[in-house]
Amino acid sequence: MTKIVVVTSGKGGVGKTTTSAALATGLALRGFKTTVIDFDVGLRNLDLIMGCERRVVYDLVNVISGDANIKQALIKDKKVDNLFILPASQTRDKDALTIEGVEGVLNALRDDMQMDYIICDSPAGIEKGALMAAYFADEAVVVTNPEVSSVRDSDRIIGILASKTRHAEQGDGDIPSRLLLTRYSPERVENGQMLSVEDVQEILAIELLGVIPESQAVLNASNSGSPVILDTDSDAGQAYSDAVARFLGDQLPHRFLTTNKKGLFGRLFGG
Amino acid sequence: MSIFSYLLPKRQNTASVAKERLQIIVARERSTRGGPDYLPQLQEELLQVVRKYVPVDQDAVNVQVDRESGCEILELNITLPEG
């Protein structure tokens, strides 16, 4: 059974693409045949985060319009087996995405390519691209920063997921949506300057998939075009790894939620 | 955190302000979710009419649509100032 997962947020810049790349890579590392699709038509970026930007020949819109078949357009990841990338096109024509077209691509990935997971990296906003990315989803990951505008937009997106997916339209009820809180800074939370994970959970009222700490490793990863989950020594990489395990049903305690208590010296002179 | 931060007054807890504001706005936005598209406009125009006669706050007019077994109920709440 192929599972389609949308990674969404409403607000831009909160970590959707970073999360899509990490989730897809994590699933592939565990042996699941996985494709990650960039739905951000006109503003392609997943290719950069995955480090395959120079190997893009065909894209999502080429497949929809029939200029290429799915096999030609899929880019096989060089670092991880079972992992494929379907980039967005750089055309500005948003109407290139149609319900039938997207359904055709997803069906080809399921039936011809035998994918276990299809990760749909949604664009920001609530326009067509975002709706297309979410429409066929069986599950959703809502990426949120502990910050007012991101939380509000996430709530909006949760509302849209509850009514505008195929499952919702068919009366199957809400698709499971889980919260991934990114750029979390335990120190600022303890100082009362940032919403805590409990605060955000209380407001959004959905299950918590993971908390990714604010980390230099994320920028390092995108700088080098290697998903942060492959940086196994980093806090963010480990947090994503945990989130993938939870995604697959493991019960793991959440890590990186508290500051490392400093010693006396650190408290007196530390930064 | 250095020794000086213990001497300075504690900074305001902005996280609790954020949480409070979010709880209010999210509750308000949820109440109109799934309703007809004209609802916000209706609310705005009603507010203007009420304000012709009584000075009321922006959130004094609350419009809500409920669905109950085959019929829709438009609920309208206007909170007037005291006195």
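Q: Why does the span of helix α5(A) agree with its 13 residues?

A: A helix is expected to span 1.5 Å times one less than its number of residues. In this predicted model, the 13 residues of α5(A) should therefore cover 18 Å, and the end C-alpha atoms are indeed 18 Å apart. Helices here are DSSP runs of H or I with at least four residues, strands are runs of E with at least two, and both are numbered from the N terminus.

Q: Which residues of α5(A) are buried?

A: Buried means under 20% relative accessible area, with a 1.4 Å probe and protein chains only. In α5(A) this holds for A:Gly101, A:Val102, A:Val105, A:Leu106, A:Ala108 and A:Leu109. They lie on the same side of α5(A), because their arc around the axis is only 155°, taken from the directions from the helix axis to the C-beta atoms.

Q: In what order do the strands of the open sheet stand in chain A?

A: Two strands pair if DSSP finds at least two bridges between them. Eight strands of chain A give the order β3-β4-β2-β5-β1-β6-β7-β8, with mixed pairing. At the edges, β3 (75-76) and β8 (207-213) of chain A each have a single partner strand, so one side of each lacks a neighbour in the sheet.

Q: How many bridges join β2 to β5 in chain A?

A: Five bridges link β2 (residues 34-38) and β5 (residues 117-121) of chain A, and these strands run parallel. For A:Val36, the bridge partner in β5(A) is A:Ile119.

Q: What does the model score overall?

A: Its ipTM is 0.84 and its pTM 0.86.

Note on methods:
Residues numbered from 1 in each chain as written. Chains lettered and ligands numbered in written order. Predicted model: local features only at pLDDT ≥ 70, side-chain atom pairs only at ≥ 80, totals over all residues. Heavy atoms only, no water. Buried < 20%, exposed > 50% of the residue type's maximum accessible area, 1.4 Å probe, protein only.
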